[in-house]
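The exercises below concern side-chain contacts in a predicted model. Each task is followed by a solution in steps.

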Amino acid sequence: MALLEVERLTKFYGDSRALSDVTFKIKKGQFVAVIGPSGSGKTTLIRCINRLIDASDGSIRYDKEDILALKGAALRHARAKIGMIFQHYNLVYRLTVIENVLHGRLGYKSSIAGVLGMYTEEEKTKAVEVLQLLGLEDYVYRRCDQLSGGQKQRVGIARALVQDPRMILCDEPISSLDPSSAKIIMDYLRRIQKDLGITILVNLHQVDVAKRYAERILGFNAGHLVFDGPPSELNKKRIHEIYGTEAGELIID
Amino acid sequence: MTAVKRNLRTGRIIVKRPTAAKRWVNVVLLVLLALTIWGFLTIETKGTDLGKATVDTIRYFGIMFGRPAGVDTHFGVSGAGSWGVFTAALRLLLVTLALAFLTTLVGAIIALILGLLAARNLTNTRTSNIIKGFVAVIRAVPTVLWVLIFAIGAGLGAVAAVIGMSFHTVGYLLKAYSESFEELDEGVIDALRASGASWLQIVFQAVLPSSATYLLSWTFIRFEINFAVAVAMGAAAGAGGIGFNLFMAAGYFFDISEIGFITYLILAVALIMELVATQLKKRYHIHD
């Protein structure tokens with residue numbers, strides 16, 4: 001059964017098309033990588049799914065809900081069920097690790113309880129569990145600006161996990177990390193998918209990483225979905241189609 | 001040979017490009033210099049002996065700061081002795097401090113609320129422009145003028161001073177606050193929106209914690225400004241406090257020692273505020 005159904009999704013920025021007629025379905029529990037050159041619409045796609053960007057046309061159904069029709073509290077509630085992690089982590093650096101992780105619960109709370117930072121004991125327990133899962137139990141009260149890049153990204157993952165999401169969107173999660181931290185992060189994402197059954201949709205710049213981790217790869221070029229298949233089908237020719245380069249011009253060759 | 005320009009006389013390479021604008025700036029500066037010299041040469045001294053005047057000035061400053069003293073009757077505590085005068089002066093100083101504190105507090109609360117609505121990343125462009133335009137007008141008029149404007153309705157005194165000073169404080173702090181909020185990384189707001197957080201939750205969980213030190217330090221700067229203004233308001237708008245005594249000592253009693261006495265007190269307060277501000281900053285910037 002499909003968890004996410006994207007149909008004929010189109011996004012205009014002024015006159016230029018960031019996405020044209022994108023259609024695909026993602027099954028529950030899949031690990032899907034999105035690749036393509038800069039400006040091909042990867043980020044726009046991911047941000048349209050949780051409505052950080054409003055799509056111009058088409059439809060998105062997540063968990064049987066018409067995402068594009070939602071407003072106000074209903075939209076907040078739908079967003080709460082989708083986790084998201086970012087290239088630049090986007091943590092509140094002046095706050096502690098656990099405070100940042102608990103931000104993932106805000107979508108489920110009344111405005112006042114969220115404003116005052118009044119979290120229930122279950123929520124706090126959940127946050128601690130998630131931090132243990134990600135190997136951050138020694139950093140619970142550390143301020144986030146004192147963490148390394150890889151640790152910050154793990155806090156980002158923890159924040160997404162306490163939302164109890166069925167899907168996590170990852171917007172270039174390893175682009176600011178060194179290779180070893182990047183591997184740790186990708187391994188955690190795979191574990192989350194395998195052990196918790198959470199769907200992962202991840203934007204990547206590294207084709208080799210996408211091939212190693214994903215079960216399915218979506219390739220974008222100039223806003224069009226030009227490849228949709230398993231990593232085994234992603235041969236050199238297809239890669240060059242996605243990146244629009246002549247054979248032999250890519251760094252991975 | 002590239003087209004490097006050289007000074008025709010010395011043959012040295014020219015680094016700065018001579019432009020028409022720079023030539024005009026030089027001309028204006030030269031004219032101003034000439035006017036200044038001419039002004040000093042032709043100043044009307046009404047027969048003042050410049051040498052004697054200089055000596056007198058130094059002597060008066062010596063009395064002012066070398067022998068500071070308050071007169072009991074001027075502080076309304078006749079026969080109380082120097083300790084009585086001192087405590088009376090402290091009480092007046094406290095009135096001035098209270099005026100500064102109250103106006104900073106009122107201004108800060110209003111500026112905080114409006115500042116959130118004026119920050120471009122937290123509101124729409126129209127609301128932001130309207131609020132910012134409005135407070136730009138408030139800021140353009142000096143604090144003293146606002147006090148005098150409100151004095152039309154409230155009469156000269158503490159009420160006009162409180163309203164007028166608070167008014168200008170809002171204008172000043174709102175700009176500072178909203179710009180602090182705008183410094184916040186857009187991504188953090190995105191992250192909280194993505195997790196389903198509401199506007200108020202984002203404000204309290206991300207915006208305020210991230211900008212707290214900026215807010216604190218701007219508010220303190222304004223408190224220092226308001227203290228100075230409160231002294232002046234005591235003199236100019238009858239707002240009470242130590243400023244009024246300073247005004248009386250200078251313009252009515254011609255008591256130079258008392259001016260020195262009051263100046264020392266004000267200086268001490270300014271110094272203490274500076275120390276407190278430094279301590280607060282140390283405490284809150286500790287991890288930066």
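**Exercise 1. Contacts of Leu189(A)**

Task: Which residues does Leu189(A) touch, not counting residues up to four places away in sequence? Place Leu189(A) in its nonpolar core.

Solution.
Step 1. Leaving out residues up to four places away in sequence, Leu189(A) touches Phe31(A), Ile85(A), Ile157(A), Cys170(A), Pro173(A) and Ile200(A).
Step 2. The largest nonpolar core has 78 residues, and Leu189(A) is one of those that touch the most other members. Ile35(A), Ile157(A), Leu204(A) and Phe181(B) are also in that group.
Step 3. Two domains of chain A, domain 1 (1-81 + 165-253) and domain 2 (94-164), each supply at least three residues to this core.
Step 4. Another core, of 32 residues, lies apart from it; Leu3(A), Leu19(A), Phe24(A) and Leu52(A) are among its members.
Step 5. As background, nonpolar side chains in soluble globular proteins tend to be buried together.

**Exercise 2. Three salt bridges in chain A**

Task: How many salt bridges does a search of the whole structure find over all chains? Describe the pairs Glu123(A) with Lys109(A), Arg216(A) with Asp228(A), and Glu241(A) with Lys237(A).

Solution.
Step 1. The search gives 23 salt bridges over all chains.
Step 2. Between Glu123(A) and Lys109(A), the N to O distance is 2.8 Å. Glu123(A) belongs to helix H5 (residues 121-133) of chain A, while Lys109(A) is in the loop between helix H3 (97-102) and helix H4 (111-115) of chain A, and the two are 14 residues apart. Both Glu123(A) and Lys109(A) are buried.
Step 3. In the pair of Arg216(A) and Asp228(A), the closest N and O atoms are 2.9 Å apart. Strand E9 (residues 216-221) of chain A holds Arg216(A), and strand E10 (residues 224-229) of chain A holds Asp228(A), 12 residues apart. Arg216(A) has a relative accessible area of 13%, so this residue is buried. Asp228(A), at 39% relative accessibility, is partly exposed.
Step 4. For Glu241(A) and Lys237(A), the closest N and O atoms are 3.3 Å apart. These residues both lie in helix H9 (residues 236-243) of chain A, 4 residues apart, or about one turn of the helix. Glu241(A) is partly exposed because its relative accessible area is 39%, and Lys237(A) is exposed because its value is 60%.
Step 5. Glu123(A) and Lys109(A) also belong to a network of salt bridges that links them with Arg105(A), Lys126(A) and Asp164(A).

**Exercise 3. Cysteines**

Task: How many disulfides does the structure hold over all chains? Examine Cys144(A) and Cys170(A).

Solution.
Step 1. The count over all chains is 0 disulfides.
Step 2. The cysteine sulfur nearest to that of Cys144(A) belongs to Cys170(A) and is 18 Å away. A disulfide requires sulfur atoms within 2.5 Å, and Cys144(A) is in none.
Step 3. For Cys170(A), the nearest cysteine sulfur is that of Cys48(A), 17 Å away, and Cys170(A) is likewise in no disulfide.
Step 4. Cys144(A) is buried, at 0% relative accessibility. Cys170(A) is buried too, with a relative accessible area of 0%.

**Exercise 4. Aromatic pairs in chain B**

Task: How many aromatic pairs does the structure hold over all chains? Classify the pair Phe75(B) and Phe261(B) and the pair Trp146(B) and Phe167(B).

Solution.
Step 1. There are 12 aromatic pairs over all chains.
Step 2. The ring centres of Phe75(B) and Phe261(B) are 6.0 Å apart and the planes are at 90°, so this pair is edge-to-face. Phe75(B) sits in the loop between helix H2 (50-66) and helix H3 (81-118) of chain B, and Phe261(B) in helix H10 (residues 256-284) of chain B, 186 residues apart.
Step 3. Phe75(B) is buried at 9% relative accessibility, and Phe261(B) is buried at 12%.
Step 4. Trp146(B) and Phe167(B) have 4.7 Å centre to centre and 70° between the planes, an edge-to-face pair. Trp146(B) is in helix H5 (residues 143-154) of chain B and Phe167(B) in helix H6 (residues 158-182) of chain B, so the pair ties together parts 21 residues apart in sequence.
Step 5. Trp146(B) is buried, at 13% relative accessibility, whereas Phe167(B), at 27%, is partly exposed.
Step 6. Ring pairs also link Phe61(B), Phe65(B) and Tyr264(B) into a cluster.

Methods. Residues are numbered from 1 along each chain as its sequence is written. Chains are lettered from A and ligands numbered from 1 in the order in which they are written. This is a predicted model: local features need pLDDT of at least 70, side-chain atom pairs count only at pLDDT 80 or more; totals for chains, interfaces and linings use all residues. Side-chain values use heavy atoms; hydrogens and water are left out. A nonpolar core is a set of buried Ala, Val, Leu, Ile, Met, Phe, Trp, Tyr and Cys residues joined through side-chain atoms within 4.5 Å. Buried means under 20% relative accessible area, exposed over 50%, partly exposed in between (1.4 Å probe, protein chains only). Domain bounds come from an automatic or database domain assignment. Contact means heavy atoms within 4.5 Å. A salt bridge is a side-chain nitrogen of Lys or Arg within 4 Å of a carboxyl oxygen of Asp or Glu. Rings of Phe, Tyr and Trp (its six-membered ring) pair if their centres lie within 6.5 Å; planes under 30 degrees apart count as stacked, over 60 as edge-to-face and the rest as tilted.
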